[in-house]
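I opened my notebook and went through this fold one piece at a time. Here is what I looked up, in the order I looked.

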Amino acid sequence: MLRSALQAGTAERHSVFELFGRRLPDGRRYGVVAGVGRALRALRSFRFDEESLTFLTEGGVVDGRTAAWLADFRFRGQVWGYPEGEVYFPGSPLMVVEGSFAECCVLETLLLSIYNHDSAIASAASRMTLAADGRPCVEMGSRRTHELSAVAAARAAYVAGFDATSNLEAGRRYGVPTTGTAAHSFTLLHADEREAFTAQLAALGEGTTLLVDTYDVEPAVRLGVELTQGRLGAVRLDSGDLSALAVRVRALLDSLGATSTRIVVTSDLDEHAIASLSGAPVDSYGVGTALVTGSGHPTSGFVYKLVARAASDAADAPLVPVAKKSQDKVSVGGRKYALRRIDARGVAEAEEIGIGTAPEDDGNDRPLLVPLVRDGEIVGEEPLEAARERHRAARAELPLEARKLSKGEPVIPTRFVGAAAPTANPYATAGGPR
């Protein structure tokens, strides 16, 4: 597209692109925006070096003119977006990118690959932390996904309320708190559990977590309590009927005087399994496969579409809305402005999207788009803790139905407003366009 636009003379035409989702993953009540910080970091270093340009030219992907344009590429436009940790709904304009067609066009895959992955993980993580109802959740999925995706997943999960990760690179790169436990192989390395537990306690202290289901849970729990004189930090259960087992282990620990020893459960947990354990004496959850694969929805289904362009190449040419009309893949044209409509009780009641002009704030509503890039300069970076706190507040603002794990429609509707708004929301149909 870049090569063709350069040849046609339309590459510098003023354009507005939008990153959004036409619908939520099937049955979800809300989604979570994640990856904003990673996208800004990637944009800062997004360049075409000599090696890349040689590959592109020798392979016939670009001609000399296009290669010369890429060699000097720097994004000099404007970007607005939902800040990280915010919740979103069908049609929410999560990112608005404005500049020349050429510079906006080449960012498509960069932005979509980050947003689609990270938001899918954060959306799953948010459901899991809701189900945990205040009990800590630990991300432990690095072995079940691509090595780079694992780092991004740990970051996204932390934004959506997870307390820590077993991925040390996520700790080094993003400051996500790290934690972990021993595997069954450590126990099997030794002659028996006494030898294994003694070695682990000697190295890591009494506050460590012992994995107690390699052989027989009850003798292992008794041994851990004996070796620490009741001061063992935690035991981990990784198999069997976790609810029933946690009840038995809690009773055993208490009977042995280890009332402060915590119970950590793992074993292919997802939000539904976590919810089923709500009545069990479980202190924290370790979640792996389901989390890093989006709990059945590994992508958010976001798209990146041109929604407005200049009427001509003149510097003062007005923007005109453009939109797709193809079956099941329609889009809504026009530059968007977004607002979360809040009722008198402080509860979100609608996602209101203005086309061409911002919706009117009636006094207690929240504008959702913030500046991320201004004239090519990144202005929207923030600490990860800010995104984490934002998610906590945005989720708490939703109606109570947002807590339901059963399949259902988005918890609040999306409404398009303004003179150019469609008469009906094309994303509101149950099952919706893809």
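**Strand 11 and its partners**

I began with strand 11 (residues 284-287), which is covered on both faces: Ser284 and Gly286 are buried on one side, Tyr285 and Val287 on the other. This is a predicted model, and I read every entry below with that in mind. The split between the two sides fits a general pattern, for in a regular strand the side chains alternate between the two faces of the sheet.

Next I asked which strands pair with strand 11. Strand 6 (residues 137-139) runs parallel to strand 11 and is joined to it by 3 bridges. I noted Tyr285 as the bridge partner of Cys137. Strand 10 (residues 262-265) also pairs with strand 11 in the parallel sense, over 2 bridges. Here Val264 stands opposite Ser284. Following the chain from strand 10, I passed through helix 13 (residues 271-276) to reach strand 11, and this β-α-β crossover is right-handed.

**Two loop residues with positive phi**

I then looked for odd backbone angles in the loops. Asp268 has a phi near 50 degrees, a positive value in a residue other than glycine. I found Asp268 in the loop between strand 10 and helix 13, and at 64% relative accessibility it is exposed.

Asp133 is another non-glycine residue with a positive phi, of about 55 degrees. Its place is the loop between helix 6 (108-132) and strand 6. Is Asp133 buried or exposed? With a relative accessibility of 60%, Asp133 counts as exposed.

**Salt bridges**

How many salt bridges does the whole structure hold? My search found 29, and I wrote up three of the pairs.

Glu169 bridges to Arg173, with the closest N and O atoms 3.0 Å apart. Both residues belong to helix 8 (residues 168-174) and sit 4 residues apart, about one turn of the helix. That spacing suits a bridge along one side, because an α-helix has 3.6 residues a turn, so residues three or four places apart point the same way. Glu169 is partly exposed at 24% relative accessible area, and Arg173 is partly exposed at 35%.

The second pair is Glu351 with Arg340, whose closest N and O atoms are 2.5 Å apart. Glu351 lies in strand 15 (residues 348-355) and Arg340 in strand 14 (residues 336-342), so this bridge ties together parts that are 11 residues apart in sequence. I checked the accessibility of each partner: Glu351 is buried at 0%, and Arg340 is buried at 0%.

For the third pair I wrote down Arg341 and Glu352, whose side chains meet at 2.3 Å, N to O. Arg341 is in strand 14 and Glu352 in strand 15, 11 residues apart, and the pair links distant parts of the chain. Arg341 and Glu352 are both buried. I also traced one network in which salt bridges with shared partners join Glu86, Arg340, Glu351, Arg366 and Glu397.

**An arginine in helix 15**

Arg388 lies in helix 15 (residues 384-396). Its relative accessible area is 19%, and because buried means under 20%, I entered Arg388 as buried. What does Arg388 touch beyond its neighbours within four places in sequence? I listed Tyr158, Val159, Gly161, Phe162 and Asp163.

**Helix 4**

In helix 4 (residues 64-71) the buried residues are Thr66, Ala67, Trp69 and Leu70. They cover an arc of only 160 degrees around the axis, so they lie on the same side of helix 4. The face turned away from that side carries the exposed residues Gly64 and Arg65. I looked up what covers the buried residues and found helix 1 (2-8), helix 3 (50-58) and helix 5 (101-105) among the covering elements.

**Nonpolar cores**

My last stop was the largest nonpolar core, which has 60 residues. The members that touch the most others are Leu19, Phe75, Tyr82, Val97, Leu107, Tyr115 and Tyr304. I picked Tyr304 for a closer look: leaving out residues up to four places away in sequence, its contacts are Phe17, Glu18, Leu19, Val97, Cys104, Leu107, Glu108, Leu111 and Leu112. Apart from this core lies another, of 59 residues, including Ala34, Val87, Val221 and Val265.

Definitions and conventions: Residues numbered from 1 in each chain as written. Predicted model: local features only at pLDDT ≥ 70, side-chain atom pairs only at ≥ 80, totals over all residues. Heavy atoms only, no water. Salt bridge = Lys/Arg side-chain N within 4 Å of Asp/Glu carboxyl O. Buried < 20%, exposed > 50% of the residue type's maximum accessible area, 1.4 Å probe, protein only. Pairing = 2+ DSSP bridges. Right-handed = clockwise from strand over helix to strand, strands pointing away. Contact = heavy atoms within 4.5 Å. Core = buried A, V, L, I, M, F, W, Y, C linked by side-chain atoms within 4.5 Å. Arc of directions from axis to C-beta.
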